[in-house]
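Visitor: Please give me a close look at one loop and its backbone, and then carry on from there to the other places worth a visit. I work with computed models, so angles and distances are welcome.

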Amino acid sequence: MKVARIVCLCVSAAVLSLVASPIPDRPHPRLFLVPEVLSTLKTRCATGDLKDTFRRRRGAARHYAAQSLMAEPGFLPKGPLRGKVFKDIFTEIRPQAAAMADLALTYALVGDVACGTEARRRLLHFTSWDPNGSTCTTHNDEPAMSILRRGARAYDWTYDLYSPEEHVRIESCLVTRAKAVYDVLQRRKFHVNPADSHLGRQIGFLAEACIVLAPEHPEMQAWYDYVERIYREVYPAWGGPDGGWNEGPHYWSYYMGFGLESLTAMKLATGVDLVRTKPFFAQTPYYFLYQCAPGCTISPFGDGAQAVGFASETIRWFAALLNDPVLSWFAQSQPRGRSLLDLCLDAQMPAPCPPVELPTTRFFPSVGVVCSHATLLSASNDVSFAMRASPYGSVSHGHQDMNCFTLEAYGEPLAIPTGHYNFYGSPHHAKWMRETKAKCSITYDGGQGQLRGPQAKGAIRNFTADADWVHFSGDATAAYGKAFTNVCRDVVRIGADFFAVRDRLAAVTPHACEYWLHAVDRMQVDEGRGVVTIARPKAELAVSFLKPAALTFTQTDAFDPPVAHFASARTPNQWHLCAAAPASCVTTFVTALCVRRTSGAANPVVRLVETPTACAVEAVYPDGSRRVAAFAAEPASAGVHEILGVRFKGPAGMAVFAPDGELLKQKEVGL
């Protein structure tokens, strides 16, 4: 996959000398457990807070020693089963290789012979596989990554357990696998086209192997230099200085976890701190915080949308590495683990501070994501709305979801992305989960959606936000190819619980456009009033379709195609509602989204008012107060618009009125 990004790494020898960090020749262990870290951890394991933790880990050695290890797999088949077999293989090897490294760590910290012996058994087994065979990185990179990453760690931490012949065999395997990664990076010119996700993971694994092996294999210093330059000058392919990540929160947690481990190993080995010196790393944990605030239930805009809450250790690492009190607070809100990096960074964790001074809405321009909250402090009081229109298009682990939105409230998922990520490229994944019809979106002519590829771009425009108002526009025209000449979604948020959304679609030839909503449970449809209600135990969303008048509503809980492979109780059906408009060259949807607690006051009464130059959505609450969201007509006429007591210039205006009609607050979006 290529992105429109060219980075030149052809630098002079003088510049190169500034960025190359020599790997020191020190005794093993070299990776993470440098002398000062090792001494501290040994003391904690012997008499301190880690004593009980590592006593339990020592006891696990007997369990692991009784396990039979997977046999060297065959070559991947061609055809539709390739993806399933690929997943089966890495699902089996990952925990076995992870246990190998964990056992080796226990041996290094507490000297438990049983743990060291079992780590040794596993390492000798996995390094007996042909590094140029069925698990080579160019054929099946997942087992190749597990062996290189976990194998380098296990070898470093159990170095004294091997005979001279075993040292030669293990190092030969690991160096061969490391060189294969470096060769692929060079062949694919990763420094110019860094959008290969798996290679974006392997650069860190290559760096770790170099730290372990370069003193005896000096050719690896050049490989390490290349990786360090990638991290300095290119990484990441999927975001920018604002911290955005185009592949969604699920893959963010994986790739930031991998990256932070490797960057910390590099810092401990060479003293070079690439996390604190690069703006992306300083900002990217906030991308995750805004997308997946504490207590959220979905992580939209990418593969793995239903997987939430497993990034707590990554957030803790960021908090320690950046000395960030807000991230420390965020990490406290999620379950705590005891990973290697936790042990190395425990002493650096700052005192937590809640995000009381952060804005509740944030726009990440590099990836075209807007996340708007009522509060970041607790899910039980939050109403969160997110929308994506990305300049990257729909590539890699991103979906065909330009201008698609999600909405959660008071700890409940309401408007959701649907489908289950069984494996990459499966029929369900490719033909449902990442398709536009699986999102709260717009399709046409029977569910046709956006294109797939870097050309299927989106753009967020006219973004403005403060404590009371939010407005932005999403342009998804390019994402639909040549089907439309204009596809624009305008969103206005007033207060915590009221949203007005206008979708405008224009085409040369008529299309029947369809507005999709998705939910966990069956939706209630009042066709006469044009109101769809999504109800959950603690929250309710009422979506009023105010325009067009003639809509046909259909609803199903079926996936097309179904999950099939790896279907289980964890992949339940979800509900999908389609509101279809008659075929036309110009279609405008106007909807009001009203959120309330299930036990709270009734929803407001909403209506649409239109003039030749503007339209407005008015919500009248039970106490007589009003909220008005106004939009200029397209194309926007010059001058001042006035509608339902709102005066504004530019694309949008918003106002709040007291029960007696007094104007309390007003906001306009400038041209």
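Guide: Happy to! Strands here are DSSP runs of E with at least two residues, and helices are runs of H or I with at least four, both numbered from the N terminus. The model is predicted. With that numbering, let's go to the loop between strand 3 (383-388) and strand 4 (404-409), where Asn-403 sits. Its phi is positive, about 70 degrees, although Asn-403 is not a glycine. For background, most residues other than glycine have a negative phi, and most peptide bonds are trans. Is Asn-403 buried or exposed? The relative accessible area of Asn-403 is 5%, and the cut-off for buried is under 20%, so Asn-403 counts as buried.

Another positive phi belongs to Lys-189, which is not a glycine either; the angle is about 50 degrees. You will find Lys-189 in the loop between helix 7 (164-187) and helix 8. Lys-189 is partly exposed, at a relative accessible area of 46%.

While we are on backbone angles, let me show you two cis peptide bonds. Lys-547 and Pro-548 are joined by a cis bond with omega about 0 degrees, and Pro-548 is placed in the loop between strand 14 (539-547) and strand 15 (552-556). Asp-560 and Pro-561 also share a cis bond, here with omega about 5 degrees; Pro-561 is in the loop between strand 15 and strand 16 (575-580).

From the loop that holds Lys-189 we can step on to helix 8. Two packed helices are described by the angle between their axes and the distance between the axes. Helix 8 (residues 197-213) and helix 6 (residues 141-157) have axes that come within 9 Å and cross at roughly 25 degrees. Angles under 35 degrees count as roughly parallel, so helix 6 is roughly parallel to helix 8. The crossing of this pair is left-handed. On the helix 6 side, the contact includes Met-145, Leu-148 and Arg-149; on the helix 8 side, Phe-205, Leu-206 and Glu-208 are among the residues met. Sorted by class, this contact has 9 nonpolar, 2 polar and 7 charged residues.

Next comes helix 3 (residues 51-65) with helix 4 (residues 82-110), where the axes are 10 Å apart and the angle is about 130 degrees. That angle makes helix 3 oblique to helix 4, and their crossing is left-handed. Helix 3 brings Phe-54, Arg-57, Arg-58, Ala-61 and Tyr-64 to the contact, while helix 4 brings Ala-99, Leu-103, Leu-105, Thr-106, Leu-109 and Val-110. These residues divide into 8 nonpolar, 1 polar and 2 charged.

Our last stop is helix 13 (residues 325-332), where 6 of the 8 residues are buried, so helix 13 is largely enclosed by the rest of the structure. Which residues of helix 13 are buried? They are Val-326, Leu-327, Ser-328, Trp-329, Phe-330 and Ala-331. The packing partners of these buried residues are helix 11 (279-291) and helix 12 (312-322). At the start of helix 13, Asp-324 has a side-chain oxygen that reaches to within 2.9 Å of the backbone nitrogen of Val-326, one of the buried residues just named.

Notes:
Residues numbered from 1 in each chain as written. Predicted model: local features only at pLDDT ≥ 70, side-chain atom pairs only at ≥ 80, totals over all residues. Heavy atoms only, no water. Axes fitted to C-alpha atoms, helices over the stretch in contact; angles between N-to-C directions. Parallel < 35°, antiparallel > 145°, perpendicular 65-115°, else oblique. Left-handed = near helix turned anticlockwise from the far one by under 90°. Contact = heavy atoms within 4.5 Å. Nonpolar A, V, L, I, M, F, W, Y, C, P; charged D, E, K, R; others polar. Buried < 20%, exposed > 50% of the residue type's maximum accessible area, 1.4 Å probe, protein only. Polar contact = N/O pair within 3.5 Å; in protein donor to acceptor, adjacent residues only side chain to side chain.
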